[in-house]
Amino acid sequence: MDKLTPFKPLPTIIAITITLIIWFIIPAPDGVDVNAWQLFALFIGTIIAIIGKALPIGAISIIAIALIAITGVTNPNNPTAAINDALSGFSNQLIWLIGISIMISVSLNKTGLGARIGYYFISLFGKRTLGIAYSLAIAETILAPVTPSNTARGGGIIHPIMRSISNSFGSDPESNSSQKIGRYLSLVNFNINPITSAMFITATAPNPLIVSLIMENTTPPFEISWGMWAIAAFIPGIISLFIMPLIIYWIYPPEIKVTADAPNFAKQKLHKLGPISPAEKITLAVFAMLLLMWAGVPALIFGSAFTINPTAAAFIGLSVLLCSGVLAWDDILKTKGAWDTITWFAALVMMASFLSKLGLTNWFSQTVGDAIDHMGIGWVGGMLLLVLIYVYSHYFFASTTAHIMAMFAAFFTAGLALGAPPILLGLILAFSSSLMMSLTHYATGTAPIIFGSGYTTLTEWWKIGFILSVVNLVIWFVIGGLWWKLLGYW
């Protein structure tokens, strides 16, 4: 019977009920077109279904595409145009950038290169517990630009390394010895993830979505390039990565502070992996090539005629891996996360795009902007208020993507209505969208993997998460803001 009723009843009922109430009972506000309000009803229902996990996010997205095509809310008098609108998200190049990048990142696990990088840095800097923490941070930062799944990076690559190190020192949840070193390393393991996710467009799946939302809500459209994002995030990101292990060390110090055996343990793991294989060398070369192309180095050296589109670069990288045999086509077909991401990305980007085109986003931003204006706190205070509400509302979300889709565009346009500089506002909201992952044990896909390993209590996790959210916001808002001013971004 379960196979015939795949929906979770309660979130399904709530999503449908709220959609119908907005559609049929609540009238469209003054200044909002009826079609825009009906699309908003479908959008809210979709977000609620995603938050409540009524179905897998990809399945919910397919239903959303079908409903928009059938109802014709984007083009009521032309069914053909309506289905074209519903499918328009699949033509978005940023969606394919993240999907292809996820496929490329499969090579990290298949070749063993990801684990090799992690153990290599521990062999260099692992003589103290703090050194292990920084080794994990360095390894994840290196992997971040080419690993769009922050869950795969933090939970699938770095977490097993962290656990093997903890177990080698006799620190595991089963023996109630997490406080030796495991609790500390697991908290560091997780809290690296939000920071590295903020540092590169290709470090987590929702980042290209944010780029798209910023483009759609600025006039003229403004696109944040891969290089611009990376440069903007570099200084605050490095500072956050340096300070975070120290703060956790101060609040929950490990009992084992000197780890003289860790480098030897890491070397044993490296020895077990054997010499670096041809497949790993090819993967390294592809990653280096991608970083150069994404950063715009060919155009910088040879002129604008050699500018390579980031999505085209991703396709080139995947082609090399396929032609060299590092990845087989079956590997790509089995990369369910990539195809799933492309599907839900296309649906959500399409909905957000038409909410903007039909004027609902501008109406909301003007309403919020007017309300903050009446408080008389200016654009700086208003922007800070918007960011704080945006970040700490993540306590109510179990999906970063759902949170961004529900709130980013509205809060961004509200900040613009207050007079905030577009790039400053866009960057701080963009980076906050990753930094807020630190708050809870359900905030992003990486969290339940690491929390579920049992090294920390819920109280410890939430306490560290809140403290680091404050620290990171201060770093990225103050130091980041000054850095972006120096760069001339605002």
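Select Arg 153 and Glu 140: both are buried (under 20% relative accessible area, with exposed over 50% and partly exposed in between, for a 1.4 Å probe and protein chains only). Their side chains meet in a salt bridge, 3.2 Å from N to O (a side-chain nitrogen of Lys or Arg within 4 Å of a carboxyl oxygen of Asp or Glu). Arg 153 lies in helix H8 and Glu 140 in helix H7, so the pair ties together parts 13 residues apart in sequence. Helices are DSSP runs of H or I of at least four residues, numbered from the N terminus.

This is a predicted model, in which local features need pLDDT of at least 70 and side-chain atom pairs count only at pLDDT 80 or more, while totals for chains, interfaces and linings use all residues. Residues are numbered from 1 along each chain as its sequence is written, and side-chain values use heavy atoms, leaving out hydrogens and water.

Next, select Arg 183 and Glu 460, whose side chains form a salt bridge of 3.1 Å, N to O. Arg 183 is in helix H9 (residues 182-199) and Glu 460 in helix H23 (residues 458-486), so this pair joins parts 277 residues apart in sequence. Arg 183 counts as buried at 15% relative accessibility; Glu 460 is buried at 12% relative accessible area.

Then go to Glu 280 and Arg 116, a salt bridge with its closest N and O atoms 2.6 Å apart. Glu 280 sits in helix H13 and Arg 116 in helix H6, 164 residues apart. Both residues are buried.

Finish at Ser 149, in the loop between H7 and H8. Ser 149 is partly exposed, with a relative accessible area of 21%.

Methods:
Helix = DSSP H or I, 4+ residues; strand = E, 2+ residues; numbered from the N terminus.
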